[in-house]
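Biologist: I would like a close look at one single part of this model, please. Start there, then work outwards and show me how the rest of the chain is put together.

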Amino acid sequence: RSLTECLRPRVITKFTRGALCLRAIANTFPIPIIHITRDPRAVIASIKKGRQTDWGEGAFHDFSLRAHLLEVDDGRRDYFQRWESDIEAIEKTDDYGRIAGYYCLTEHYLEDSFRGVSEGFTKLCYETLVTSGYQVIVESLIGLGLEPRFDCHERFALPSSTDLNWPQSRKNFLMEERLLNWKSKLNERERRIIEEVVAVFGMQKNLWR
C-alpha cells in the first residue's frame, strides 16, 4: 500500500493451502517456516460453515479426494498411492469425510517431507498457542533465529482480520470460544465422520479434547 511497506526487510506470509508445495518452497527460498496445525474438526467447520458460504469459490464443494491426491500429474501419486484403498473408501462419503482425508494425508506428507529437519522449520499447535499465550511463539521465533517484536504481544490475543468466525466489532474473546466454537457448527453426523477418517489415518493426536 506504500513505498514504506515495499521496503520492509521482513515479510510474514500466511499460506493456508501450501501443504503440498511447502517442501519445494523451503528448498528454493532460505526462509524460516512455522507450520501451525489445528483440530481438523475446527478446520473443516471453518471451511464448510464460514460466514462466506462459498469460501474458496466452491473449491471445497463436491470435493474429490481421489482427484486431488491421485490424479494430478505432478508426482504426488507416488506418495499417496500407498493409501489408495482408503482414499477410494473415503471418496464414497461426503465433503466432510473427503476434506478430513485430505487434511490427514497432507499432514502426513508434511511430517515426512520435513522429517529430520532441525533448522528453519518448526511445528506448532494452534490450541497450544491459544492456551499458553504469546511466549510460545516467542520461543519458536528465537529457535528459528528471529528477533520477536515483543511490543506486539497484546495483539496476539485478537483474531486475525481474515478470521470469518468473529465479528470485527468484538474485542474480547473467551478462550473456550476460540477453541471450541466448531462444536456449534458441526452436527453429530459431520463430527462423527471427521473423527472416523482421522482414526483411519492415525491422526487422533490432532484432535483437541
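Modeller: Happy to! Let us start at glutamate 176, which is found in helix α10 (helices, H or I, of at least four residues and strands, E, of at least two are DSSP runs numbered from the N terminus). This is a predicted model, where local features need pLDDT of at least 70 and side-chain atom pairs count only at pLDDT 80 or more, while totals for chains, interfaces and linings use all residues. Residues are numbered from 1 along each chain as its sequence is written, and side-chain values use heavy atoms, with hydrogens and water left out.

Glutamate 176 counts as partly exposed because its relative accessibility is 39% (buried is under 20% relative accessible area, exposed is over 50% and partly exposed lies in between, with a 1.4 Å probe and protein chains only). Its C-alpha is 9.4 Å from that of threonine 131, although 45 residues separate the two in sequence. Once neighbours within four places in sequence are set aside, glutamate 176 is in contact with Asn181 and Arg209 (contact means heavy atoms within 4.5 Å).

That second partner deserves a stop of its own. Arginine 209 sits in the segment after α11, and it counts as exposed because its relative accessibility is 58%. Its backbone is worth a glance too: arginine 209 has a positive phi of about 70 degrees although it is not a glycine. Most residues other than glycine have a negative phi.

From here we can step back to the whole chain. It has 11 helices and two strands, and from the N terminus on the order is α-α-β-α-α-α-α-α-β-α-α-α-α. Of its 209 residues, 39% are buried. The chain exposes about 13,000 Å², with carbon and sulfur atoms supplying 52% of that (areas come from the Shrake-Rupley method with a 1.4 Å probe, and for residues only the protein chains shown count as cover). Among contacts between residues at least 6 apart in sequence, 69% join residues at least 24 apart.

Now to the interior. In soluble globular proteins, nonpolar side chains tend to be buried together. Here the largest nonpolar core holds 32 residues, of which Phe80, Trp83, Ile87, Leu105, Ile194 and Phe201 touch the most other members (such a core is a set of buried Ala, Val, Leu, Ile, Met, Phe, Trp, Tyr and Cys residues joined through side-chain atoms within 4.5 Å). Elements giving two or more residues to this core include α10 (175–180), where we began, as well as α7 (95–113) and α11 (188–200). The largest share, seven residues, comes from α7. Phenylalanine 80 touches Leu20, Leu69, Leu70, Ile87, Leu105, Thr106 and Tyr109, not counting residues up to four places away in sequence. A second, separate core has seven residues, including Tyr134, Val136, Val138 and Leu141.

Helices α7 and α11 also pack on one another. Their axes are 9 Å apart and make an angle of about 35 degrees (axes are lines fitted to C-alpha atoms over the stretch in contact, and angles run from 0 to 180 degrees between N-to-C directions). The crossing of α7 past α11 is right-handed, a term used when the near helix is turned clockwise from the far one by less than a right angle. On the α7 side, Tyr96, Gly97, Ala100, Gly101 and Cys104 meet Glu190, Ile193, Ile194, Val197 and Val198 of α11. These residues divide into seven nonpolar, two polar and one charged (Ala, Val, Leu, Ile, Met, Phe, Trp, Tyr, Cys and Pro count as nonpolar, Asp, Glu, Lys and Arg as charged, and the others, Gly among them, as polar).

Within this contact, alanine 100 of α7 counts as buried because its relative accessibility is 0%. Beyond its neighbours within four places in sequence, alanine 100 is in contact with Ile44, Ile194 and Val197. Its C-alpha lies 8.4 Å from that of isoleucine 193, 93 residues apart along the chain.

For a contrast, aspartate 62 in the loop between α3 and α4 counts as exposed because its relative accessibility is 68%. Leaving out residues up to four places away in sequence, aspartate 62 touches Asp95 and Arg98.
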